[in-house]
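Colleague: Please take one part of this model, the aromatic rings and the packing around them, and examine it closely. I should like one connected account, with the cut-offs stated where the terms arise.

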Amino acid sequence: MMSPEVPIIILILSIPVYFVCLWSMKKLNIGTIKNRKKLALIPTVIVSPIVYVGLILTWIASVSYYPSRDFTQSQWNANVEQRYELSEDIIQSKMLIGKSLDEVITVLGTGYLSKQEDKIIYELGFVPALFGIDPDFLEIKLNNGIVVSVRQYQG
């Protein structure tokens with residue numbers, strides 16, 4: 001269901017789109033001076049909703065963007081709420097795979113959220129997302145005290 005504001009926003013967007021279409025038709029010498037104003041309505045009706053969708057997608061992309069940084073212990077320890085920026089490097093580089101629990105704690109520190117025999121969980125903070133209201137976590141699974149997998153999940 002479309003909200004009542006959408007047609008109004010598209011109508012407002014159509015004003016500059018109309019003038020850009022009119023200007024483009026004049027530069028490309030499309031139509032005559034008399035019918036150019038009517039002809040400019042056709043691309044305006046088509047392009048205005050596309051511009052609206054493009055603006056919405058751009059907004060969503062900007063809200064969901066966050067940098068991915070290479071892991072360093074100092075950055076990891078400096079800000080618990082931004083650890084998600086480092087988690088991709090930890091997972092993709094497989095830097096923890098094959099390490100013992102003590103080695104993991106040496107690298108990531110004792111600020112874990114949960115520690116069990118078969119896994120240890122670190123808080124990563126809130127990953128920027130459109131509807132991201134839950135924190136993310138780094139789960140490190142162990143088999144006989146050795147790391148076998150590392151994954152990120154939303155809590």
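**Aromatic rings, sheet and core**

Modeller: Phe71, Trp76, Tyr112 and Tyr122 form one aromatic cluster. The rings of Phe, Tyr and Trp (its six-membered ring) pair if their centres lie within 6.5 Å; planes under 30 degrees apart count as stacked, over 60 as edge-to-face and the rest as tilted. The model is predicted, with local features needing pLDDT of at least 70 and side-chain atom pairs pLDDT 80 or more, while totals for chains, interfaces and linings use all residues. Residues are numbered from 1 along each chain as its sequence is written, and side-chain values use heavy atoms, without hydrogens and water.

In total, the structure holds five aromatic pairs. One of them joins Tyr18 and Phe19 in an edge-to-face arrangement, with 5.4 Å from centre to centre and 75° between the planes. The two partners differ in exposure: Tyr18 counts as buried at 18% relative accessibility, whereas Phe19, at 51%, is exposed. Buried here means under 20% relative accessible area, exposed over 50%, and partly exposed in between (1.4 Å probe, protein chains only).

A further pair is formed by Phe137 and Tyr153, which is tilted because the ring centres are 5.6 Å apart and the planes stand at 35°. Phe137 belongs to strand E3 and Tyr153 to strand E4, so this pair ties together parts that are 16 residues apart in sequence. Phe137 is buried, with a relative accessible area of 12%, but Tyr153 is partly exposed at 23%.

These two strands lead to the sheet. Helices (H or I, at least four residues) and strands (E, at least two) are DSSP runs numbered from the N terminus, and two strands pair if DSSP finds at least two bridges between them. Four strands make up an open sheet with antiparallel pairing, in the order E1-E2-E3-E4. Its edges are E1 (114–115) and E4, each of which pairs on one side only. E1 is joined to E2 over two antiparallel bridges, and in this pairing Ser114 has Ile121 of E2 as its bridge partner.

E2 (residues 119–125) in turn pairs with E3 in the antiparallel sense over six bridges, where Ile120 finds its bridge partner in Ile140 of E3. E3 (residues 136–143) is mostly covered, with six of its eight residues buried. Towards E4 (residues 146–154), E3 forms an antiparallel pairing over eight bridges. In this pairing, Leu138 stands opposite Gln152, and Asn143 faces Ile146 of E4. The hairpin of E3 and E4 has two residues between the strands, and Asn144 takes a positive phi near 55° there.

Two helices lie on these strands. H6 lies across E1, E2, E3 and E4 and runs at about 15° to E2. H5 lies across E2, E3 and E4, running at about 140° to E4. Axes are lines fitted to C-alpha atoms, for helices over the stretch in contact, with angles from 0 to 180 degrees between N-to-C directions; contact means heavy atoms within 4.5 Å. H5 (residues 84–93) contains Glu85, which is buried with a relative accessible area of 8%. Leaving aside residues up to four places away in sequence, Glu85 touches Tyr66, Pro67, Ser68 and Arg69.

The helices and strands also contribute to the largest nonpolar core, which has 20 residues; Trp76, Leu96, Leu108, Tyr122, Leu138 and Ile140 have the most contacts inside it. Two or more residues of this core come from each of H5, H6 (101–108), E2, E3 and E4, and H6 supplies the largest share, five residues. A nonpolar core is a set of buried Ala, Val, Leu, Ile, Met, Phe, Trp, Tyr and Cys residues joined through side-chain atoms within 4.5 Å. Trp76 and Tyr122 thus recur: both belong to the aromatic cluster and to the residues with the most contacts inside this core.

Ile140 shows the packing in detail. Not counting residues up to four places away in sequence, Ile140 touches Leu96, Val104, Leu108, Asp118, Lys119, Ile120, Tyr122, Val147, Ser149 and Val150. Elsewhere, a second, separate core of six residues includes Val17, Tyr18, Cys21 and Ala40. Tyr18, a member of that core, is also the buried partner in the edge-to-face pair with Phe19.
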